[in-house]
Amino acid sequence: MHGETHLKAPMPGRVVALLAETGKPVAKGEPLLILEAMKMEHTITAPGDGKVLAFYFAAGEQVKDGDELVDFEAE
């Protein structure tokens, strides 16, 4: 996997925590953020090795289904 990837919200919810640091390397499957939806926590993970370029929402903010959550650059 090469290039940039925009990770989207799989459902409406609230961002609970940002787990990765922007600009720092992450491995495939590493947790990037936690989204709370329907009284359950969903962990959004890295789709491959790379780094987070930006988070589009802060902890505590509401998101809609399909909102872009993370700008991820794959190696």
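**Notes on an all-strand chain**

1. Let's start with one pairing: Gly13 has Val63 of β7 as its bridge partner. Gly13 belongs to strand β2, which covers residues 13-18, and β7 covers residues 62-63. The two strands run antiparallel and are joined by 2 bridges. For pairing, DSSP has to find at least two bridges between the strands.

2. Before going further, a word on what you're looking at. This is a predicted model, where local features need pLDDT of at least 70 and side-chain atom pairs count only at pLDDT 80 or more, while totals for chains, interfaces and linings use all residues. Residues are numbered from 1 along each chain as its sequence is written, and side-chain values use heavy atoms, with hydrogens and water left out.

3. Now the overall make-up. The protein chain has 8 strands and 0 helices, so reading along the sequence gives β-β-β-β-β-β-β-β. Both element types are DSSP runs numbered from the N terminus: helices are H or I with at least four residues, strands are E with at least two. The radius of gyration is 11 Å, close to the 11 Å from the globule rule for 75 residues, so the chain is as compact as a globular protein of that length. (That radius is taken over C-alpha atoms, and the rule is 2.2 Å times the number of residues to the power 0.38.) Along the principal axes, the C-alpha atoms fill a box of roughly 35 × 20 × 15 Å.

4. Next, the surface and the contacts. Of the 75 residues, 32% count as buried, meaning under 20% relative accessible area; exposed is over 50%, and partly exposed is in between (1.4 Å probe, protein chains only). The chain exposes about 4,400 Å², with carbon and sulfur atoms supplying 51% of it; these areas come from the Shrake-Rupley method with a 1.4 Å probe, and for residues only the protein chains shown count as cover. Among contacts with a separation of 6 or more, 57% come from residues 24 or more positions apart, a contact being heavy atoms within 4.5 Å.

5. How are the strands of the sheet ordered? The open sheet has 4 strands in the order β5-β4-β2-β7, with antiparallel pairing. β5 and β7 are at the edges with a single partner strand each, so one side of each has no neighbour in the sheet. Inside the sheet, β2 pairs with β4 (residues 31-37) in the antiparallel sense over 4 bridges. Leu18 has Leu33 of β4 as its bridge partner, and Ala17 stands opposite Ile34 in β4.

6. β4 deserves a closer look. Of its 7 residues, 5 are buried, so the strand is largely enclosed by the rest of the structure. Leu35 lies in this strand. Is Leu35 buried or exposed? Leu35 counts as buried, at 0% relative accessibility. Leaving out residues up to four places away in sequence, Leu35 touches Ala9, Pro10, Met11, Gly13, Arg14, Val15, Val16, Met40, Glu41, His42 and Val63. Val52 is another matter: 17 residues from Leu35 along the chain, with 16 Å between the two C-alpha atoms.

7. On to the hairpin. β4 and β5 pair in the antiparallel sense over 6 bridges, and Glu36 has Glu41 of β5 as its bridge partner. The hairpin has 2 residues between its strands. Where does Met38 sit? Met38 is in the loop between β4 and β5 (40-45), and Lys39 lies in the loop between β4 and β5 too.

8. Check the backbone in that turn. Most residues other than glycine have a negative phi. Met38 is not a glycine, yet has a positive phi of about 55°; Lys39, not a glycine either, has a positive phi of about 65°. Met38 is exposed, with a relative accessible area of 71%, and Lys39 is exposed as well, at 83%.

9. Last, the charges. The mean positions of the 7 positive and 13 negative charges are 4 Å apart. Lys and Arg count as positive and Asp and Glu as negative, with His and the chain ends not counted.

Conventions. Charge placed at Lys NZ, Arg CZ, Asp CG, Glu CD.
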